[in-house]
Amino acid sequence: MIKTAIKAAKEAGKFIKQNAGTIQSKNADRKLAFDFVTDIDKESEEIIIDIIKKEFPDHKILAEESLRQESGGFRWIIDPLDGTTNFIHNYPAFAVSIALEKDNEIILGVVYDPLRDELFHAEKGKGAFLDNTPIHVSAIADPGVALLATGFPFRSKEYLDLYLKSFQQLFKQVSGIRRAGSVALDFCHLACGRCDGFWEIKLGPWDIAAGSLIIKEAGGLITDFANEDDPMWTGNVIASNGLLHDTIFQVVNEVFKGHIDK
Ligand code: IPD
Ligand code: CA
Ligand code: CA
């Protein structure tokens, strides 16, 4: 199954890379006011689903742009192009994300960055890897030297004031904050120590599934805004190297509690 996931991610990534710079904003469709989808997202998803279905015709699929099958047994969770806005502008940060769930638990995750040719993968209980080299989260415990990543709530601007409050409070405490525009890559960069913590609201399960296992298998922590459960279904995520989790949780809890699902 991991081989199939890697093959599908690489094939789709190759296709996306070949098409980078070919789509103009005017050719992108809108799903919501600031949420775009292109033919490349859809074709990438077809490439992935074809490869999976050939090997595992009975498995279910939850894919961002097409199939939405219920959980139970084996179910693949697919984001065929994470970072569509970047892709449309040829801003170099986008990825393919593929996870496999068994009875509601993620058992493998693959994220492929076609521009850097970096393949991140994890299987439950077997560690996390970048191009087959084991990876681990950072050991930074002091917020004053930490680098955080985040995502702006471009689909949910009704939360902008609260989000900016959380940004302001965290920004005062840490050395820097990045917004690269692909949550799958943010998670992988956290998993291999390129940044130390992350928060974002209202993500989809396809944004989170693969990267969350990669973070956990790399020794990191990922929770919802109550610092309790898996954030897959609320989509409100705190992720960190573990050591900085409380710093982020304290702010997020103070700002968002009572205003948003945990
Ligand atoms: C989006 C990107 C972005 C994040 C959004 C995601 P998409 O995914 O990962 O960084 O801020 O919330 O939905 O729509 O490009 O697949
Ligand atoms: Ca996404
Ligand atoms: Ca996507």
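The questions and answers below go through the calcium sites, the ligand 1 surroundings and the two sheets of this predicted model.

User: Which protein residues are the donors of the calcium ion (ligand 2), and at what distances do they lie?

Analyst: The donors of this ion follow the spacing D-x2-D-x124-D along the chain. They are the OD atoms of D79, D82 and D207, and they lie 2.0 to 2.2 Å from the ion.

User: How many residues apart are D79 and D207, and in which elements do they sit?

Analyst: D79 belongs to strand β4 (residues 74-82), while D207 belongs to helix α6 (residues 205-217), and the pair links distant parts of the chain. Both D79 and D207 are buried. Along the chain, D79 and D207 are 128 residues apart.

User: Which protein residues are the donors of the calcium ion (ligand 3)?

Analyst: In sequence, the donor residues of the calcium ion (ligand 3) have the spacing E-x14-D-x1-L. The donors lie 2.2 to 2.4 Å from the ion, and they are E64 through OE, D79 through OD and L81 through O.

User: Are E64 and L81, which are donors of the calcium ion (ligand 3), buried or exposed?

Analyst: E64 sits in the loop between β3 (60-63) and β4, whereas L81 sits in strand β4, 17 residues apart. The cut-off for buried is under 20% relative accessible area. E64 has a relative accessible area of 11% and therefore falls under that cut-off, and L81, at 2% relative accessibility, does so as well. Both residues thus count as buried.

User: Which residue coordinates both the calcium ion (ligand 2) and the calcium ion (ligand 3)?

Analyst: The calcium ion (ligand 2) and the calcium ion (ligand 3) are 3.7 Å apart. Among the donors of ligand 2 are D79 and D82, and among those of ligand 3 are D79 and L81. The residue that coordinates both ions is D79.

User: Which residues are the closest to ligand 1, and how many surround it?

Analyst: One of the closest residues, D82, is also a donor of the calcium ion (ligand 2). In total 15 residues surround ligand 1, and the closest are D82, G83, T84, R155 and E200.

User: What is the distance from an oxygen atom of ligand 1 to an N or O atom in the side chain of R155?

Analyst: Oxygen atoms of ligand 1 take part in several polar contacts, including one at 3.2 Å to a polar backbone atom of L81 and one at 3.5 Å to an N or O atom in the side chain of D207. For the side chain of R155, the distance from an N or O atom to an oxygen atom of ligand 1 is 2.9 Å.

User: What is the strand order of the open sheet of seven strands, and which are its edge strands?

Analyst: This open sheet has mixed pairing, and its order is β3-β4-β5-β6-β7-β8-β9. One of its pairings is that of β7 (residues 118-123) with β8 (residues 128-130), which is antiparallel over three bridges, and there H121 has F129 in β8 as its bridge partner. Each edge strand pairs on one side only, and these strands are β3 and β9 (133-134).

User: What angle does the direction of helix α5 make with that of β6?

Analyst: Helix α5 (residues 183-191) packs on the seven-stranded sheet, touching β4, β5 (95-102), β6 (105-113) and β7. The angle between its direction and that of β6 is about 100°.

User: In which order do the strands of the open sheet of five strands lie?

Analyst: Within this sheet, strand β10 (residues 147-150) and strand β12 (residues 197-200) pair in the parallel sense over three bridges, with T150 opposite W199 in β12. Helix α7 (residues 245-256) packs on the sheet and touches β10, β12, β13 and β14. The pairing of the sheet is mixed, and the order is β11-β10-β12-β14-β13.

User: Where is D224 found, and is it buried or exposed?

Analyst: D224 is found in the loop between β13 and β14. A polar atom of its side chain lies 3.0 Å from the backbone nitrogen of E228, and, leaving aside neighbours within four places in sequence, the contacts of D224 include P231, N236 and K262. Because its relative accessibility is 1%, D224 counts as buried.

How values were computed: Residues are numbered from 1 along each chain as its sequence is written. Chains are lettered from A and ligands numbered from 1 in the order in which they are written. This is a predicted model: local features need pLDDT of at least 70, side-chain atom pairs count only at pLDDT 80 or more; totals for chains, interfaces and linings use all residues. Side-chain values use heavy atoms; hydrogens and water are left out. Donors are N, O and S atoms within 2.8 Å of the metal (3.2 Å for Na, K and Ca); water is not among the atoms, so sites may look incomplete. Helices (H or I, at least four residues) and strands (E, at least two) are DSSP runs, numbered from the N terminus. Buried means under 20% relative accessible area, exposed over 50%, partly exposed in between (1.4 Å probe, protein chains only). Two strands pair if DSSP finds at least two bridges between them. Contact means heavy atoms within 4.5 Å. Axes are lines fitted to C-alpha atoms, for helices over the stretch in contact, and angles run from 0 to 180 degrees between N-to-C directions. A residue is near a molecule or strand if one of its heavy atoms lies within 4 Å of it. A polar contact is a pair of N or O atoms within 3.5 Å; within protein, one must be able to donate a hydrogen and the other to accept it, and residues adjacent in sequence count only if both atoms are side-chain atoms.
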